[in-house]
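Q: Please take a close look at one residue in this model and at the part of the fold that surrounds it. A connected account is preferred over a list.

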Amino acid sequence: MKSLKIAFIIITCLLAGCSQAANVPAQDSAIHVPDSDGSGTEKQQLEAYSLHFKEAALEAPVKSIDATDLTNVLTKQKIDEYTIYFYEEKGLNEENVRAAIGMGTKLFDIGQVGYAALDPDQYTVNQVQALDQSYIKVNGACGANCPISYYIQPDISTPMSLRIEAHTVEADVDQDGIKDIVASVGTAADTSIYKLRDGHIVVANLNETLDAQAVIYDNESNTFGDGTRNWRVKEEGLVRFRE
């Protein structure tokens, strides 16, 4: 009956000289996707979204400090030839815990990584590959639900730091051979992707892209879920993923 109705509308328009077919019901678009056996099936057009990247303004030089600033060191960890110190800040903010990195005879402040009441075991240090570089990754927390991840470029002349207030994981989400950074924070996960573009670090927020309250990254399948659908990163966009 539906096809007869559409045919009737089209014939009527032709006879009446209609200039447009605005009243003809829209049809779903489809693409021809070959099966593994070489045959073909008709499937719905995959949904896709463009990721809107902007330059990350979190990269800043690490400040040089003196060894006398390292009062009340809580713990320290060595990574290769570098030593990471976690210490209580002197003065008015003595409840804050900061991190510093020792490189040879030089000492550089990283920034706040926690507060005095935080369990020192929550301060972690790892060497990771991300954004086509090797980083010293320092984790802490600035509050009850405020994780912090620092990515330190261990260059003894001008060390740089990328500070991200989120839980982070390094993964090649777009399969271009370079590990990106996936950052998630909050009970309803707010998730962003940091990647390298033309030598600059850029970031895109997936919740804004998908207009979703929560977006969760699954490391095993390398997909992002918004609660009802799963997505994969392809170049600089998201495409619907169906198993």
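A: In this predicted model, the side chain of Tyr 135 makes a polar contact with the side chain of Gln 153, at 3.3 Å. Gln 153 is also one of the residues that Tyr 135 touches beyond four places away in sequence; the others are Asn 126, Gln 127, Val 128, Ala 130, Tyr 151, Ile 152 and Ile 201. Tyr 135 is buried, because its relative accessible area is 3%, and the cut-off for buried is under 20%.

The residue belongs to strand β12, which covers residues 133–141. Strand β13, residues 147–153, pairs with β12 in the antiparallel sense, and six bridges join the two. Within this pair, Val 138 of β12 has Tyr 150 of β13 standing opposite. Tyr 150 can also be related to Tyr 135: the two are 15 residues apart in sequence, and their C-alpha atoms lie 9.1 Å apart in space.

The pair is part of an open sheet of five strands, in the order β5-β14-β13-β12-β11, with antiparallel pairing. The edges of this sheet are taken by β5 (59–61) and β11 (124–130); each has a single partner strand, so one side of each is left without a neighbour in the sheet. On average, and with direction ignored, neighbouring strands of the sheet are turned by 30° against each other. In the strand order, β12 sits between β13 and β11. The contacts of Tyr 135 include residues of both these neighbours: Tyr 151, Ile 152 and Gln 153 fall within β13 (147–153), while Asn 126, Gln 127, Val 128 and Ala 130 fall within β11 (124–130).

Methods. Residues numbered from 1 in each chain as written. Predicted model: local features only at pLDDT ≥ 70, side-chain atom pairs only at ≥ 80, totals over all residues. Heavy atoms only, no water. Helix = DSSP H or I, 4+ residues; strand = E, 2+ residues; numbered from the N terminus. Buried < 20%, exposed > 50% of the residue type's maximum accessible area, 1.4 Å probe, protein only. Contact = heavy atoms within 4.5 Å. Polar contact = N/O pair within 3.5 Å; in protein donor to acceptor, adjacent residues only side chain to side chain. Pairing = 2+ DSSP bridges. Axes fitted to C-alpha atoms, helices over the stretch in contact; angles between N-to-C directions.
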